[in-house]
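Q: Please take a close look at one part of this model, the place where two domains of a single chain meet, and describe how the two sides are held against each other.

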Amino acid sequence: MNLQMLINAVLLGGLYALMGIGFSLQWGISGIINLSYGAMVILGSYISLEFFNLFHLDPFISMIISGGILFVIGAGIYRTLLQPLLKGGIVFTLILTFAFRLVIENIILKVWSADYRTIRVTYAGSNFQFGDAYIPLIKFLVFFVAAILIYLTYLFMMNTKTGKGIQAVALDKEGAQAVGIDVEKMYLINFALGTALAGLTGSLWASIYSFSPHLLGPIVGKVFIIAILGGLGNIWGAAAGGLLLGIAETAGAVFLGSEWQEAIGMVIMVSVLLWRPYGLMGKKFFG
Amino acid sequence: MFNNKKVNVFLIILGIIIFFFLPRFISGYWVRVITTIFMYAVIAQGMNLMSGYMGYLPFGNAMFFGIGAYITAIGMSKGMSFLAVLPLSALTAILVSILFGLPVLRLRGHYFAIATIGMSGAILSVVQNATEITGGAMGTTLPIINKSPEVTYNYFYLAMLALMVITSLTIYLVVKSKFGFGIRSIKANEEAANSMGINTTYHKVVAWAISALFTSIAGALYAYWMSFIGPEEVFDVMIAVNTIVIMLIGGAGSVLGPIIGAFVISLLSEVVWGTFLEYHLAVLGIIIIIIVFFVPKGITGTIADLIKKRELRLRKKVSV
Amino acid sequence: MGENNVILEIQAVSKHFGALKAVDEVSFEVKKGEIVGLIGPNGAGKTTLTNLATGAFPKTAGKVIFKNLDITNLKPYQIARCGLTRTFQVVKPLIGMTVEENVLVGSLYGRDKRNTDMKNASKRTREIINLVGLASKKDASVSDITLPDLKKMEFARVLAMEPEVLFLDEVMAGLNPTEAEEASTLVKKVRQEKNLTIVYIEHIMKAVMGISDRIVVLHHGRKIVEGIPQEVVNNSAVIEAYLGKRYAKEVNNEG
């Protein structure tokens, strides 16, 4: 594996890392396997697309709007639809989140059609050199921003009252209740944070790759793997998982051909599940 | 159902007879629709045994459908007759369920469901890539039956009807048996079940093997019926999703549930497709949400509740 | 059976959770037909020991011999089928089933193979439900009955398995004095009729005194005292464990 491939892999991995964390948090802490996660990611992409087309707003700026909108959507969905049915177990939450995906998918199809879209910013073509390799400026910026966002998420979880509340609930629900933490509110904010991260990822994705509703399923497939690799609810675990997946996909595409990519991902995931169900990082905990 | 066993048996036999003669009165289109309903009922029975009765949701169960379809396709392309290759397909599915079941059934709840998706995805990838054997991503054909379309679809209608009846009967007998109690205990409280002398591993593996058996036969019949299958089609995640919705609306933990659910969902889809072509996804999604909210126990569950409430009210009246 | 009618031997059993020694080289024997009280303050390791004996936890060290068979590495369901069973401190009813169905599951997996088909198991189920006094509630869903009835049901369920040795884990927990008295009487009555050997786990001294032949006291995972109730209750180490050094000194000064 040469330098260029490694750099490509890492840049991709950084974005995957950000993408996987949201899903991992929702599953690991709020206990919800969100099958509409892919829809939320590309919704973020489309939101940035609109702001770019209408107001020439750079995706790095409109991502904040995406994140905000998706946060509200996530909170709304959780509060009205998921919370009342949590006791129904996995069957209910899987079907519900799948239903959300269908609705969001339909809206996207109606408004934007199934065509692939992109956002072409003016500095799209610039590269800079690093040793033997070329690094596209945008991909570097995306990686950089993703890394910052991941770190901000970590800071939020470690240093704010709400973040610590979420951590407490994740570690010991009854204990957290006993000290007066509003457990339901923590789950809600955590879930909304997850969708916000999805939206942010979508905006960043839109600036470098094309997107369409076709990505809905594959994204969910990827974040599954990332979440399991890193251990559910584990921010740095998911980050590492994202990087690993980026490397595996890039290497896989080069050495094995892209058809085997998905199989590799699946095999890795099942192996991890069997061998270390708590993820490569060990027991579920924060950072 | 109704409390009188004889009434139940009579109604079931009546139902089977009605279904047997139905094709003479309806169009070919509806015969094919109902055949698909029977097929989904079989798949749902298999999943219901695992999920509704035992509490383990095999989200990727469609993999057995695909295995059944592909082994049949491959076997028949080598000259085997359908009836010769059918046991082979079923056996393959059972072996896969046992081989992978032993490690994977140790996982609890979410992890098990996800692991089955992983298994299904991996098998799909293998099928897509082993182009020499399976025809790869472009699919593969089966020998076309040398009869008129009408005879053909009637034949498969009856075959699927028979499969549905056999599957439902088998599952019913399993659930009512001592083994069935073991399965239900696992869902109720797996730790307690272990402490009571129930070999939970054995129960879980056998239950999945039964589920795999019938699901794979449905896949085998489907492949022969369609004469052409592709990997994305028979390993489709939508099969699992449809099945789960069927189980939900039919009601888990009941043998009638999957059958009722399959009919309701199919008829609902027909209506939605016809009326809302452009919005059919969203409408389906909204309907699912409504079902989950207002009929969480499904049709059979809600009716069972109503019957119980009526009994309680009657009992109160009598005692007063 | 071993010498002196010993049916269960706990031999230097230990369970370490990392640095925490939940059970530390505990040894004792149980003779057939005895009621052995297993007491100790909260956290002493009583339930952990039960989990170890019945195979729910793997042991860090030590052996468990049951009816001369080394059951140390058997799975819980295998041990249950050998005749060593337990109830749970926090009841574990089979949710979604009725009282009768819960007990039925126990008798289906009971040890006398002639009686584990549906028909015979149902018969035995009815007998046991009558024995513990739950006949009027047999069709109730387990989510609808009170705690004392849940405990009775779990007791019935375990009896339906026809055990030889039964670990009763804190049967009294959550019961008021009347209910506790009732439970005690029921245990004595059933033990008589079924010739059971019981390991009776409690952390309340008084409850155990009246019912046990011998008592084993655990503290911080170790066995500190073993003997007949009279001896144990006056033992200063025991008093110290429950009430602290001050009271132990007082007793010694008085006694």
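A: In this predicted model, a good place to begin is the pair C:K152 and C:E182, whose side chains meet in a salt bridge with an N to O distance of 3.3 Å. Between domain 1 of chain C and domain 2 of chain C the count is 2 salt bridges, and 11 residue pairs, both members at pLDDT 80 or more, are in polar contact across the same two domains. On the side of domain 1 of chain C that touches domain 2 of chain C, at least two residues each are supplied by helix 1 (46-53), strand 7 (165-169) and helix 6 (177-194) of chain C, and helix 6 of chain C gives the largest share, 8 residues. Sorted by class, this side of domain 1 of chain C consists of 15 nonpolar, 5 polar and 9 charged residues.

As for the domains themselves, the assignment places 1-73 + 164-255 of chain C in domain 1 and 84-162 in domain 2, and their centres, taken over C-alpha atoms, are separated by 25 Å. Where they meet, 29 residues of domain 1 of chain C are in contact with 17 residues of domain 2 of chain C. Together the two domains of chain C bury about 2000 Å² between them, with 62% of that area on carbon and sulfur atoms. Of the area that domain 1 of chain C buries against domain 2 of chain C, 22% is supplied by C:L166, C:D169 and C:L186, more than by any other three residues.

Terms used: Residues are numbered from 1 along each chain as its sequence is written. Chains are lettered from A and ligands numbered from 1 in the order in which they are written. This is a predicted model: local features need pLDDT of at least 70, side-chain atom pairs count only at pLDDT 80 or more; totals for chains, interfaces and linings use all residues. Side-chain values use heavy atoms; hydrogens and water are left out. Domain bounds come from an automatic or database domain assignment. Contact means heavy atoms within 4.5 Å. Buried area is the accessible area (1.4 Å probe) that two parts lose on being put together, summed over both. A salt bridge is a side-chain nitrogen of Lys or Arg within 4 Å of a carboxyl oxygen of Asp or Glu. A polar contact is a pair of N or O atoms within 3.5 Å; within protein, one must be able to donate a hydrogen and the other to accept it, and residues adjacent in sequence count only if both atoms are side-chain atoms. Helices (H or I, at least four residues) and strands (E, at least two) are DSSP runs, numbered from the N terminus. Ala, Val, Leu, Ile, Met, Phe, Trp, Tyr, Cys and Pro count as nonpolar, Asp, Glu, Lys and Arg as charged, and the others, Gly among them, as polar.
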